[in-house]
Amino acid sequence: MSAEAIIKSQARGILKHNFVKAIMALLIVLIPYSIMDGTTTVISCLIPQFISDESTSMMLVYSIGYPVEIIMLFLFSPIINGYIRANYKAAYTENIDLKDVFYHFGSGRYFNALSLNIRFIIRMFLPALILYAPLIAYVVISSIYAPEFSNTVLYYDFYFILTVLSTLTTALYSLRYFTVFTVSADNPDFTPKEVFRYNKIIMKHRTGDAAKLLLSFTPWLLLCLLILPMLYVIPYMTQSLCISAKWMTKAALEENE
């Protein structure tokens with residue numbers, strides 16, 4: 001049995017007794033984000049009703065509406081840290097504690113989580129921009145030099161392919177920071193700088209293992225488009241990735257003792 005199969009088996013064992021809690025933890029994260037996104041969408045639709053000039057209304061949407069949404073999403077991002085923490089702790093205790101989802105909203109923890117998140121975003125911004133450059137260039141060039149082509153099926157086929165490739169390569173690149181949020185869960189007193197330093201030690205020569213596990217979920221993600229709901233697949237993936245992070249951390253500790 002491969003390492004990926006063993007990790008998935010362990011994840012299923014934990015979820016077998018915590019599936020309702022796993023879904024509730026995910027909903028705690030998704031519902032507020034959905035409300036914020038829905039509110040922005042509604043406001044964006046209402047603005048043109050009150051402002052007749054299209055250019056002015058669009059300027060308000062893109063210069064105020066979306067930036068405010070991005071800021072709000074970021075300010076609420078510690079809930080994601082808490083979601084990872086809840087699943088990572090379950091990798092040890094085999095019990096998902098919903099209180100862990102709100103852990104970073106406790107006294108003195110919120111800004112530390114925001115600091116960790118902004119450092120992660122900064123480290124990922126330029127690589128993601130480079131990896132998405134072909135998609136951005138394709139859209140810009142098509143809209144400027146071939147506007148008729150932008151409405152064809154072939155255009156959207158290439159758009160989909162480039163989006164998938166850019167997203168996949170960005171996800172694979174991000175694996176160098178695979179244990180950042182689990183290290184933070186293990187060591188809540190660490191500064192963000194210490195978290196990234198410790199993650200670097202753990203992930204040395206292990207990004208390939210993380211990539212194998214992530215790619216092994218490709219069939220599951222494809223099934224989400226047809227059969228399986230994301231409410232099953234996301235907890236399954238999250239728990240598996242957290243279990244993998246646990247074993248990687250233990251292996252790194254043994255190597256460096």
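**Close-up 1. Val153 and Phe160 are exposed on one side of helix α7.** The model shown is predicted. Opposite these two, Tyr155, Ser166 and Thr170 of α7 are buried. These three share one side of α7 because they cover an arc of only 30° around its axis. The buried residues of α7 pack against α5 and α6 (133–145).

**Close-up 2. Helix α7 runs from residue 153 to residue 174.** The helix holds 22 residues. From first C-alpha to last, α7 reaches 32 Å. That is close to the 32 Å expected at 1.5 Å a residue.

**Close-up 3. The largest nonpolar core contains 47 residues.** Phe178, Val180 and Ile202 touch the most other members. Elements giving two or more residues to this core include α1 (3–16), α2 (19–50), α4 (78–93) and α5 (110–131). Also on that list are α8 (180–186), α9 (192–203), α10 (207–215) and α12. Helix α12 supplies the largest share, 8 residues.

**Close-up 4. Isoleucine 202 and its contacts.** Residues up to four places away in sequence are not counted here. Beyond them, isoleucine 202 touches Thr179 and Val183. Isoleucine 202 also touches Met248, Thr249 and Ala252.

**Close-up 5. Serine 240 lies in helix α12 (residues 230–256).** Serine 240 has 0% relative accessibility, so it counts as buried. Neighbours within four places in sequence are left aside in this view. Serine 240 is then in contact with Ile7, Lys8 and Ala11. Leu213 and Phe217 are also in contact with serine 240.

Note on methods. Residues numbered from 1 in each chain as written. Predicted model: local features only at pLDDT ≥ 70, side-chain atom pairs only at ≥ 80, totals over all residues. Heavy atoms only, no water. Helix = DSSP H or I, 4+ residues; strand = E, 2+ residues; numbered from the N terminus. Buried < 20%, exposed > 50% of the residue type's maximum accessible area, 1.4 Å probe, protein only. Contact = heavy atoms within 4.5 Å. Core = buried A, V, L, I, M, F, W, Y, C linked by side-chain atoms within 4.5 Å. Expected span 1.5 Å × (residues − 1). Arc of directions from axis to C-beta.
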